[in-house]
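Here are some exercises to work through with the model open beside you. Try each task before reading its solution.

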Amino acid sequence: MLGVIRHKALSGGVVSSLANGQSMQRIIPGIGFLSKSFSSGAKEMTVREALNSALDEEMSADPKVFLMGEEVGEYQGAYKISKGLLEKYGPERVLDTPITEAGFTGIGIGAAYYGLRPVVEFMTFNFSMQAIDHIINSAAKSNYMSAGQLSVPMVFRGPNGAAAGVGAQHSQCYASWYASCPGLKVLSPYSSEDARGLLKAAIRDPDPVVFLENELLYGESFPVSAEALDSSFTLPIGKAKIEREGKHVTITAFSKMVGYALKAADILSKEGISAEVINLRSIRPLDRNTINASVRKTNRLVTVEEGFPQHGVGAEICTSVIEESFEYLDAPVERIAGADVPMPYAANLERMAVPQIEDIVRAAKRACYRSVPMAAAA
Amino acid sequence: MSAFSALKIQPPQLHGLNSKKFAEKSPSCLKTISNPFLGSIQRIPNLRRRRGVSDLPRAASPSTIVAISELVKEKTSKSAASGLLITREEGLELYEDMILGRSFEDMCAQMYYRGKMFGFVHLYNGQEAVSTGFIKLLTQSDSVVSTYRDHVHSLSKGVSARSVMSELFGKTTGCCRGQGGSMHMFSKEHNVLGGFAFIGEGIPVATGAAFSSKYRREVLKEECDDVTLAFFGDGTCNNGQFFECLNMAALWKLPIVFVVENNLWAIGMSHLRATSDPEIWKKGPAFGMPGIHVDGMDVLKVREVAKEAIGRARRGEGPTLVECETYRFRGHSLADPDELRDPAEKAHYAARDPIMALKKYIIENNLANESELKVIEKKIDEIVEEAVEFADKSPLPPRSQLLENVFADPKGFGIGPDGRYRCEDPGFTEGTAQV
């Protein structure tokens, strides 16, 4: 069984780190937070640079790709992701739009009907709610409603989830909302390599892709292999990555929570619990095989996400595991999500409303029956 | 400032209006674009020349009222000639309010750089004339709806500096108990209905508040002539929600005034690059309401226009669209490096600082002297410093506050595993952040 999974994972192209063998596995958890260079000559790249380089390469490879959004041109991008692109490609391909999300998203979809490949940037995904009618009703459903005549090869990208102290209307995580809609693909990268590979795959994909980045990860540096720097590098959509192998409990996460899960795994390993951390990468389609295979190996599952708990990503993963691997579970699935409240502004309340590393550690221990049950925790 | 400048015909700035050509040039072409706004009341006449119609606004709306720029201009210059626009008390009140707004925002910047404030903070420096000019004419029961640049609107409306500052620090004594933050200032007592992060979001809400005022008067037969003011910026005027609300407000004659704070910039996007027809006041007559353009750096002019507009609304004559040409001295937010704006443009507007202008008017017309104004400034300094101290000493919200106020009826949290409502469980208020 394990051999089959390895094979699947390898053939899926999640190779670069696994292929280097176990040594890389040990080092990976700490990688995002150290800026050492490794003897393998791995280059370091921030997520911002990764996204910028991916956009740059795709725009130069295909003249049909264009970028549209608020402040993407002269301002160099609200978070500087599209830095330098206006100078390179000109205002016809890097469009500064007025503040009309519904309008310019609709325009992007119309352009995509005729074969252009827009990349629509939302300053944050919270603003995509002004355009959500177009994302769901025009983009996601068009191919179906037209029986395959009109496809929408576009990418909606932008930061998702909580930043720091930005209040209730700027902090929602949209992974579960978009992932529940058939016709959309939803991706959420963690490291720079994820960002590069998945964005390139998204731009080349013939379907609408919702690409959920994270503002706090933009400045973080990760090492990238030489293969990832190649301009034809893409990652497959629908494959999760096992960031860290383990035997006792599986922890699934995406985006920023992968970093937290890896740190939690470090803490747990000191207490003798070896946690397997899965970076989902793709929320729709969800890589149920990898998750189930991992659960069948470890028999315990903790899902971590930043968004609201009800109908969240964790709920879907839990159901998938119960449907397919029920006999393998030794403990109830632990689900960690943000607090069931709109994001408060005060700094201490905000910290309480988002999962922290201690929460993941506690949940993993509960799943391993190593601590007190779930009552009110101080 | 006390007299209107004569109508200035600007040389054609066609290349500035064609956004495509504009973007191909270097940012130095921004210098030419800022010219049309140099002290003029009438805007970009070459637009009219291009269309070949010299009186476009009249043609656009065959109904009763069209752009009243000329009307207001006449009226104000008449009264300026005969007497003063304000009494001494009014002058001092306006001055105090503008100084409060300015000092408060400056203090916010200081506190942000010291790390006491965090997240997104959008400051109002330079635009005080609009807030003071309009809001000081309102009663307690009139409502104000704003955007994320809402500190000064709240202060003008009467929310105390202490509670706004505590809210910004995220303390439990803030006007929203630390749960809202800089962009979400709400006060039921003073009828400040927020504080919305999304532009255009506040406009339908304001329209609804105006609707409720009309409803109370006509259906519930209460005595109600409350007016609502909706403040928003130039970027919002391209957004669909704005147009939808202009239509409905005019259709139902709602007691609302739409105040556009046109500061020419939306983060780094110039209004001219984003808008096909940059003259926002013209969008009013297209929907059947008067559209007025006023110099937003002059609090007295704003106040005159506001009196008209608010009076109209109170009498039940319907909505008005007022475009205030103003400018923000700082960047869009404290995280904005503000590199795209031309320094010459900034210097030009700094010279038209509304506070300096009002000070000059007051002193020249002998409404007060220098030392009395200094007394006011000192008083405001003390208020702001005291607000900071109060906010510093206030406690952070307790853990139990995390789950409060999600619902008005906390039974919305459902029934817990033990069969009782979750909210009745004492452990609930201790908060379980993992779910």
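**Exercise 1.** Find how far apart the C-alpha centres of domain 1 and domain 2 of chain B lie.

*Solution.* Begin with the distance: the two C-alpha centres are 40 Å apart. Next, place the bounds, which come from an automatic or database domain assignment: domain 1 of chain B spans 75–393 and domain 2 spans 407–435.

Before going on, note that this is a predicted model, where local features need pLDDT of at least 70, side-chain atom pairs count only at pLDDT 80 or more, and totals for chains, interfaces and linings use all residues. Residues are numbered from 1 along each chain as its sequence is written, chains are lettered from A and ligands numbered from 1 in the order in which they are written, and side-chain values use heavy atoms, without hydrogens and water.

**Exercise 2.** Work out which strands pair with strand β5 of chain A.

*Solution.* Step one: locate β5(A) at residues 155–159, where 5 of its 5 residues are buried (under 20% relative accessible area, 1.4 Å probe, protein chains only). Strands here are DSSP runs of E, at least two residues, and helices are runs of H or I, at least four, numbered from the N terminus. Step two: β4(A), residues 117–121, pairs with β5(A) in parallel over 3 bridges (pairing needs at least two DSSP bridges), and A:Val120 faces A:Phe156. Step three: β7(A), residues 209–213, also runs parallel to β5(A), joined by 5 bridges, with A:Gly158 partnered by A:Leu212.

Notes. Buried < 20%, exposed > 50% of the residue type's maximum accessible area, 1.4 Å probe, protein only.
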